[in-house]
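Morning, everyone. I have one structure to show you today. Please take a look at it first.

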Amino acid sequence: MSFLKEIQKNVENAANEISAPDFLVKDLKNPDRFLEFKIKVDNEIFTGYRSQHNNLSGPYKGGVRFHKNVSADEVKALSILMTLKCALVGVPFGGAKGGVKIDTKKYDKSKLQSVARQYVQKAFPIIGPEVDIPAPDINIDPELISIMVDEYSKIAGKPSPASFTGKKLRDGGIDGRVEATGYGGFVILTELMKSINKDPEEVVVAIQGFGNVGYHFGYFAKRRGFKVVAASESAGGVLIKEGIDIVKTKKCANEKGTILDCFCANGSCGHEKGERIKNEELLTLDVDVLVPAAVEDVITKKNANKIKADHVLCLANNPVTSGAEDILTAKGVEVIPDILTNSGGVIASYFEWKKGLKGEEISKEEVFSGIEKFLRPAFANLREKRRCGSSMRMSAYKLAIENLMKKHNE
Ligand code: NAD
């Protein structure tokens, strides 16, 4: 089943189980509006998308992704997840998502910047500070977001810092936004371990995806004493049973262009000592917590039986298919859903958006404690209300849809 169809089916099942009105069930299965457009740069054509799924809770909100696998269906599916995420944790935003189908590895910075500018030109008629506020997702950094704000402001004819979140600090961003999604995942990890009385030192963690989210999650987890033994990028990863030095590894991966060039088996190659592993191997390591923080659909029916972790903390969007989740749940593996664990980013975005609109300054400490204030009760609520026989994901969907029903009835 395709990613979109799977999300639609899950939404329909969750909504029907709580007897949501037919209108809402139908409404939540498809975006309110979907825009597809050409981006033409240097005689090359790329396809861009913006999906505005639902705005019952507030203005549409969701990241923009530059990736070779971006498709209309993927963007629609991710926009549905954004609506559910905001409704679950109580951030006053609706759900949206955007993307450009582009293999970023093939292009230099200036080309990607031109693509980003044109993305804004094409999406301009439907986005804006009070309507739809895009943010970073895969392969989008604060610099690209600042460029998008610059383009938006030029077209709007006035500075519009609230048009995007995830900007560079000097362009109206906030300290803590870059780390926010990883930090939120870390907050959920600590709550989860507290709930089963495990100290961080007893908990072994593997992270798939060592980009913005995976790295910052690993950084905070390691700092608190969790033992992170494996991390990977798209080309593969590294396993160090004694624990990875997260900061040193990221610095090296940035310098060399890949984590793989930072380690070799016996350390004799001039690099650190560490075992190189394939992504598939990382997923099946015997760890306490497995953290998929890269892309969707990495744990499927094909490999679910091989997962040895006790908990899967979904930091990427939809990294575990529903079929795989059934297998994992039957095996006693607890899967903590993406719409809870990766919501730190949108929570911080909310603070940044308010700063852009009203000039409300916020410190990094306040951003982090704000994320905790949203996430701790959301985790406790989800744990408490987890319906008999339901997976955590379906329970999360039901809670989110209940909140949307309340908005619908207001
Ligand atoms: P990123 O581009 O910074 O990093 C992605 C990482 O995943 C890179 O290390 C890349 O090498 C790796 N990767 C890509 N394909 C892979 C594969 N097939 N197998 C293993 N690794 C692979 O992106 P990010 O911002 O860290 O986002 C990661 C995930 O988190 C995405 O699913 C994204 O939608 C989700 N997410 C991000 C945010 C945010 O604030 N950035 C918020 C919510 C959710």
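I will go through the core, then the ligand, then two loop residues. Keep in mind that this is a predicted model.

Let's start inside. In general, nonpolar side chains in soluble globular proteins tend to be buried together. Here, the largest nonpolar core has 87 residues. Which of them touch the most other members? They are Phe 217, Leu 340 and Ile 401. And which helix gives this core its largest share? Helix H3, residues 72–89, does, with 10 residues.

Now find Phe 217. Leave out residues up to four places away in sequence, and Phe 217 still touches a whole list. Gly 182, Gly 185, Phe 186 and Leu 189 are on that list. So are Val 205 and Ile 207. Val 291, Leu 313 and Leu 315 complete it.

There is also a second core, separate from that one, with 24 residues. Among them are Phe 46, Val 64, Ile 102 and Leu 112.

Next, the ligand. The shell around the ligand holds 23 residues. Which come nearest? Arg 65, Asp 137, Thr 181, Val 213 and Asn 317 do. By type, the shell divides into eight nonpolar, 10 polar and five charged residues. Two helices to look for are H6 (177–195) and H7 (212–224), since each supplies at least two residues of the shell.

Now some distances. Arg 65 has a polar side-chain atom 2.8 Å from an oxygen atom of the ligand. Asn 212 uses its backbone: a polar atom there is 2.9 Å from a ligand oxygen. Asn 279 has a polar side-chain atom 3.5 Å from a nitrogen atom of the ligand. How much of the ligand does the protein bury? Alone, the ligand exposes 830 Å², and the protein buries 84% of that.

Last topic: backbone angles. Most residues other than glycine have a negative phi. Two asparagines here deserve a look. Asn 43 is not a glycine, yet its phi is positive, about 65°. Where is Asn 43? Look in the loop between strand E1 (33–41) and strand E2 (44–54). Asn 43 is exposed, because its relative accessible area is 84%, over the 50% cut-off.

Asn 139 also has a positive phi of about 65°. Its loop runs between strand E5 (132–136) and helix H5 (142–156). Is Asn 139 exposed or partly exposed? Its relative accessibility is 40%, so Asn 139 counts as partly exposed.

That's my tour. Thanks for listening.

Methods: Residues are numbered from 1 along each chain as its sequence is written. This is a predicted model: local features need pLDDT of at least 70, side-chain atom pairs count only at pLDDT 80 or more; totals for chains, interfaces and linings use all residues. Side-chain values use heavy atoms; hydrogens and water are left out. A nonpolar core is a set of buried Ala, Val, Leu, Ile, Met, Phe, Trp, Tyr and Cys residues joined through side-chain atoms within 4.5 Å. Buried means under 20% relative accessible area, exposed over 50%, partly exposed in between (1.4 Å probe, protein chains only). Helices (H or I, at least four residues) and strands (E, at least two) are DSSP runs, numbered from the N terminus. Contact means heavy atoms within 4.5 Å. A residue is near a molecule or strand if one of its heavy atoms lies within 4 Å of it. A polar contact is a pair of N or O atoms within 3.5 Å; within protein, one must be able to donate a hydrogen and the other to accept it, and residues adjacent in sequence count only if both atoms are side-chain atoms. Accessible areas come from the Shrake-Rupley method with a 1.4 Å probe; for residues, only the protein chains shown count as cover. Ala, Val, Leu, Ile, Met, Phe, Trp, Tyr, Cys and Pro count as nonpolar, Asp, Glu, Lys and Arg as charged, and the others, Gly among them, as polar.
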